[in-house]
Amino acid sequence: MSTTTPTRAVWSFEAIGTVWSIETDAPLGHGIRRDVETVIDAFDRDWSRFRDDSVVARLAGGGGSAPVPPDAAAMLDVYAELDTATRGAVNPLLGDSLARLGYDARYSLVAQGDPIAAPEKWRDIVRWDARTLAVTAPATIDVGALGKGRLVDLVTGVVSRGVDGGFVVDGGGDLAVRGTPQRIGLEHPYDPRRVIGVVTVADAALCASAVTRRAWGEGLHHVLDARTGAPVRTYAATWAIAPDAMHADALATALFFDGGPELAASWGAHWVRMRTDGRVEWSPGSEAELFT
């Protein structure tokens, strides 16, 4: 995705495996930049399954418990809604299924065998309360369905406390807009030089997902059905607009499955999705201007 009316100052940097950009009316000061980096590093140390010292990596090795990360309840509560809405297609124990197909901590990108389903009864394995996050059996938590959106919200909170005027936080396809409305192109999943439409976002978040991103090997990509552990085949790309990025990100994942549109309606969100055969669907009341 790309904004069509950029603001005046842009700070771009790499973090959690993607390029971020923050557009503001005036350059961000060093203090705000340091706070943004601190928030991102703390989130990564809690939730990244790609670093050995993270909380989820330590739990994956042998189960057990750890002091609960500050974002655990917010994210896992939404995972429970995703699980129910998609009839088990989305759950937070997808890490071992992704690793099985090559999207592992070493980025081997080599499948180790046939797909394996994520544990169906994940809520019996993952436990959390005000003090601890526990995994009752070895299992790898992966918050990829909504984690980047959550982090965009955290960064948005930091920036909003330090600047006047509107701004855009873009976490590599998952973005939040505050103040001045932005017209944003919906990138064609099979041709990044084109967009399939544009949408205006104002004081909200727009998140996208596509099977052509983080893809490797024949038919392998990061959007898996937790019930089978296999990559999805029906939809190629999704876009969701919600008041905050975590819910928009969660919907961008849920929209690959039956139940996603109903969940979006219950959250008052709008969406667009594109099938792998090129047909495009959108939510009732969507104000996206679509070209296909």
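Tutor: Let's start with a term: a residue counts as exposed when its relative accessible area is over 50%, and as buried when that area is under 20%. Keep in mind that this is a predicted model.

Student: What makes G61 and G62 exposed residues of α2, and where on the helix do they sit?

Tutor: G61 and G62 are classed as exposed, so each has a relative accessible area over 50%. They sit on the face of α2 turned away from its buried side.

Student: Which residues of α2 are buried?

Tutor: In α2, which spans residues 55-62, the buried ones are V55, V56, L59 and A60.

Student: How do you know that the buried residues of α2 line one face?

Tutor: Look down the helix axis: the buried residues of α2 fall within an arc of 130°, so they line one face of the helix. The elements covering them include α1 (30-47), β4 (64-67) and β6 (132-135). Just after α2, G63 takes a positive phi of about 75°.

Student: Now to the other pair. Why are α5 and α6 called roughly antiparallel?

Tutor: Helix α5 (residues 147-162) packs against helix α6 (residues 245-254) at an angle of about 165°, and their axes are 7 Å apart. Angles over 145 degrees count as roughly antiparallel, and α5 and α6 therefore earn that name. The crossing of α5 past α6 is right-handed.

Student: Which residues meet there?

Tutor: From α5 come G147, K148, G149, R150, V152 and D153, which meet A245, M246 and D249 of α6. By class, this contact has three nonpolar, two polar and four charged residues.

Methods
Residues are numbered from 1 along each chain as its sequence is written. This is a predicted model: local features need pLDDT of at least 70, side-chain atom pairs count only at pLDDT 80 or more; totals for chains, interfaces and linings use all residues. Side-chain values use heavy atoms; hydrogens and water are left out. Axes are lines fitted to C-alpha atoms, for helices over the stretch in contact, and angles run from 0 to 180 degrees between N-to-C directions. Helices (H or I, at least four residues) and strands (E, at least two) are DSSP runs, numbered from the N terminus. Angles under 35 degrees count as roughly parallel, over 145 as roughly antiparallel, 65 to 115 as roughly perpendicular and the rest as oblique. A crossing is left-handed if the near helix is turned anticlockwise from the far one by less than a right angle, and right-handed if clockwise. Contact means heavy atoms within 4.5 Å. Ala, Val, Leu, Ile, Met, Phe, Trp, Tyr, Cys and Pro count as nonpolar, Asp, Glu, Lys and Arg as charged, and the others, Gly among them, as polar. Buried means under 20% relative accessible area, exposed over 50%, partly exposed in between (1.4 Å probe, protein chains only). The arc is that of the directions from the helix axis to the C-beta atoms.
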